[in-house]
Amino acid sequence: MLFTAVALNPSIDKMIIVNNFKVNATNRISDSRIDPSGKGINVAKVAKTLGEDTCCTGFLFDSNGNMFEEDLRKHGIKTDFVWCSGEVRTNIKVVDPENNTMTEINNAGQRVGPSDILKIKQKIEQCAQKSSIVIFSGSLPPGTDKSLYRELIEICNRQGARVYLDTYGEALKEGIKAKPFAVKPNTFELELTVGEKLNDEKDIVRGAKKLIDMGLSCVLVSRGSKGSIALYDEKVYKIPPINVPVKSSVAAGDSLLTGFAIGMKRTMDFEYSLKLGTACATSCVIKEGSKICTPEEVEKYFDMVEINQIF
């Protein structure tokens, strides 16, 4: 069975390295790189790296979408996109190594039309029939209703695929109504979804429990340099970060979710799955840009992960 990653709003990530970046001033670029990216693209690459038979679907655009297909196929990933008129958005990430900051300037993306939305629903149904896992991740493109993830998850549920969702705000609230197996917001996305500021771990747990109360089995909250918090089977787990030099956090959350989903598919051991996801995320952050984990690094970091049940 396939592992399917869905990228409805992929992006070209342009990473710019600026030492001591200043607002409202002239800044000098010391280095830069361009990657075909987006959360669904990152998920597909991690899944393939971990040995899954992987397919990536979603929307691509005829002006510059070919670079995504070429990149995915180079990694041995099957592709089955809906092609639309227009161009894939470009997001800019300004990394300041001196101050350890990253400033993101994200484009909303290319608008899609009603016929494109109908096609993606048909495509997801076809993919779900052949998939054990489907991961939906990222924002929705302009022109789509906030209920689109809910509708697509319902299609997957009817086909018996286990669904994971990584988005935020109204799209997440709507998606939860279809009861995916798990969701993975970061702290800011969780705040947007529950509509309140979450200042500490207790607040985050309380916010995540609100999502559980909406009918979910599992909530995994990624917290960047503070690690992650997970809720499952009426238990709460805290996973502290591994102490490594961080070069980029761009694909870390995607790596965490993908490793976790694959661990659950293979073992249904929750703590094992958290360790696998954390090892994938750790392997990701030690690299520049949106480069993802390697099997050797995942194996190395796996045994270094601590899982603490706090409730």
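A residue counts here as buried when its relative accessible area is under 20%, as exposed when it is over 50%, and as partly exposed in between, using a 1.4 Å probe and protein chains only. By that yardstick E69, at 12% relative accessibility, is buried. Before going further, note that this is a predicted model: local features need pLDDT of at least 70, side-chain atom pairs count only at pLDDT 80 or more, and totals for chains, interfaces and linings use all residues. Residues are numbered from 1 along each chain as its sequence is written, and side-chain values use heavy atoms, with hydrogens and water left out.

Let's stay with E69 for a moment. E69 sits in helix 2, where helices (H or I, at least four residues) and strands (E, at least two) are DSSP runs numbered from the N terminus. Setting aside residues up to four places away in sequence, E69 touches L60, T79, F81 and W83; a contact means heavy atoms within 4.5 Å. One of those partners, T79, is 10 residues from E69 in sequence, and their C-alpha atoms are 6.7 Å apart.

Helix 2 itself spans residues 66-74 and lies across strand 2 (11-17) and strand 3, making an angle of about 85 degrees with strand 3. For such angles, axes are lines fitted to C-alpha atoms, for helices over the stretch in contact, and values run from 0 to 180 degrees between N-to-C directions.

That brings us to the sheet. Four strands form an open sheet in the order 3-2-7-8, with mixed pairing; two strands pair if DSSP finds at least two bridges between them. Why does one side of strand 3 (31-37) and of strand 8 (101-105) lack a neighbour in the sheet? Both stand at the edges and each has a single partner strand, so one side of each is left free of a neighbour there. From one strand to the next, the twist averages 20 degrees. At one end of that order, strand 7 (residues 89-96) and strand 8 run antiparallel, paired over five bridges. Within this part of the sheet, V95 stands opposite M102 of strand 8.

Now for the inside. In soluble globular proteins, nonpolar side chains tend to be buried together. A nonpolar core is taken as a set of buried Ala, Val, Leu, Ile, Met, Phe, Trp, Tyr and Cys residues joined through side-chain atoms within 4.5 Å. The largest one here has 95 residues, and those with the most contacts inside it are L8, F136, Y164, L211, F270 and L274. Helix 9 (residues 270-285) is the biggest giver, with eight residues in this core. Take F270 as a place to look around: beyond its neighbours within four places in sequence, F270 is in contact with C218, A230, Y232, Y237, F260 and M264.

Charged pairs come next. A salt bridge is a side-chain nitrogen of Lys or Arg within 4 Å of a carboxyl oxygen of Asp or Glu, and the whole structure has 25 of them. In one, D53 meets K78 with the closest N and O atoms 2.4 Å apart. This pair links distant parts of the chain, 25 residues apart: D53 is in the loop between helix 1 (39-49) and strand 4 (54-61), and K78 is in strand 5 (residues 78-79). D53 is partly exposed at 35% relative accessibility, and K78 is partly exposed at 41%.

K210 and E196 form another salt bridge, again with 2.4 Å between the closest N and O atoms. K210 lies in helix 7 (residues 201-212) and E196 in the loop between helix 6 (187-194) and helix 7, so the bridge ties together parts 14 residues apart in sequence.

Helix 7 also supplies E201, whose partner R223 lies 22 residues away, in the loop between strand 12 (218-222) and strand 13 (228-232). Their side chains meet at 3.7 Å, N to O. Which of the two is buried? R223 is, at 13% relative accessibility, while E201 is partly exposed at 28%. Elsewhere, K39, D166, K184 and D254 are joined into one network by salt bridges that share partners.

Finally, the cysteines. A disulfide is a covalent bond between the sulfur atoms of two cysteines. With a cut-off of 2.5 Å between sulfur atoms, the count is zero. C127 is buried at 3% relative accessibility, and its nearest cysteine sulfur, that of C55, is 4.8 Å away. C280, at 0%, is buried too; the closest cysteine sulfur, in C293, is 4.2 Å from its own, too far for a bond.
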